[in-house]
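Reader: I've got this one open in my viewer. Can we walk through the strand in the middle of it all and what sits around it?

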Amino acid sequence: MNGGVTPHHPPVVLVVAVGKNGVIGGEGRLPWRLPSDLKRFKAVTMGKPMLMGRKTFEAIGRPLPGREMIVLTRGPVFTSPGIHVAHTLDDGLKCAADCARTMGASEVIVAGGGELYRQTLAMASRLDVTQVDLSPVGDATFPHIDDTIWRETSRTKFTKGEKDDASFTVVIFERR
Ligand SMILES: NC(=O)c1ccc[n+]([C@@H]2O[C@H](COP(=O)([O-])OP(=O)(O)OC[C@H]3O[C@@H](n4cnc5c(N)ncnc54)[C@H](OP(=O)(O)O)[C@@H]3O)[C@@H](O)[C@H]2O)c1
């Protein structure tokens, strides 16, 4: 069941990589190098619309192939080729739902950052969380996952790949 979006809106799924201390980013960047998780992120998001904050888009720096990116900004001037820009969360969600219909996608991904996760957690159906075995310094965090609201449905451990900074565990939570 959806948390807070209208019954006709495709399910909203938050995809995040989070440190043991809740940190997801610092100074506008990811606080680790985890190519193995980026590969998984690509597989999980492919063919789907991705809603994100302007700071996260600037960290990524370009439209990602095979996905429609809907970037939220309060600034009227921000624009970039190959993406959709929305100025309110409602408009961003509507745009993402339209993209999902056009793409034949069954769900909408929220790809961060901290500000966007905080605004969308209450309407999410599923959380796809990479728990990174590090506690980096950073200024962006993921909100608390309340286990009276969220039920863990799967847990997969990944050993540290050659180019990864750490090992990690992917945990899926479904709304109770
Ligand atoms: N570990 C992970 O999985 C992960 C994933 C994504 C991002 N990150 C990291 O998280 C950090 C960025 O997160 P953040 O919280 O600082 O920023 P963010 O959520 O990426 O972007 C915030 C910006 O989005 C716009 N915005 C937010 N809510 C809006 C709304 N309701 N209506 C219109 N515009 C809205 C505003 O843009 P304007 O300022 O243009 O108005 C705001 O400044 C970076 O370090 C990034 O690398 C980590």
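Reader: Let's start with a pairing: which residue does methionine 50 stand opposite in β6?

Author: Sure, and keep in mind that this is a predicted model. Strand β3 (residues 49–53) pairs with strand β6 (residues 108–110) in the parallel sense, over two bridges. One residue pair there puts leucine 51 opposite valine 110. For methionine 50, the residue standing opposite is isoleucine 109.

Reader: And in β4, what is the bridge partner of proline 49?

Author: β3 also pairs with strand β4 (residues 68–72), again in the parallel sense, this time over five bridges. The two strands belong to a right-handed β-α-β unit together with helix α2 (residues 54–60). Within β4, the partner of proline 49 is glutamate 68.

Reader: What is the strand order of the open sheet they sit in?

Author: The sheet has eight strands and mixed pairing. Its edge strands, each pairing on one side only, are β5 (84–86) and β9 (150–158). Neighbours are turned by 20° against each other on average, direction ignored. The order reads β5-β4-β3-β6-β1-β7-β10-β9.

Reader: Which helix packs on the sheet touching β3, β4, β5 and β6?

Author: Two helices come up here. Helix α1 (residues 35–45) packs on the sheet and touches β3, but its contacts also include β1, β7 (126–132), β9 and β10 (168–175), and its direction makes about 175° with that of β1. The other helix makes about 175° with the direction of β4, and its contacts are β3, β4, β5 and β6. That one is helix α3 (residues 89–103).

Reader: So why is β3 largely enclosed, and how many of its five residues are buried?

Author: In a regular strand, side chains alternate between the two faces of the sheet. In β3 both faces are covered: Pro49, Leu51 and Gly53 are buried on one side, Met50 and Met52 on the other. The strand is largely enclosed by the rest of the structure because the number of buried residues is five of the five.

Reader: Now the ligand: how many charged residues are in the shell around it?

Author: The ligand is surrounded by 30 residues, and the closest are Gly25, Gly53, Gly112, Gly113 and Gly114. Elements giving two or more residues to this shell are β1 (12–18), β2 (23–25), β3, α2 and α4 (114–120). Sorted by class, the shell has twelve nonpolar residues and 13 polar ones, and the charged residues number five.

Definitions and conventions:
Residues numbered from 1 in each chain as written. Predicted model: local features only at pLDDT ≥ 70, side-chain atom pairs only at ≥ 80, totals over all residues. Buried ≥ 20, exposed ≤ 12 C-beta atoms within 10 Å, placed from the backbone. Helix = DSSP H or I, 4+ residues; strand = E, 2+ residues; numbered from the N terminus. Pairing = 2+ DSSP bridges. Right-handed = clockwise from strand over helix to strand, strands pointing away. Near = placed C-beta within 6 Å. Nonpolar A, V, L, I, M, F, W, Y, C, P; charged D, E, K, R; others polar. Axes fitted to C-alpha atoms, helices over the stretch in contact; angles between N-to-C directions. Contact = placed C-beta atoms within 7 Å.
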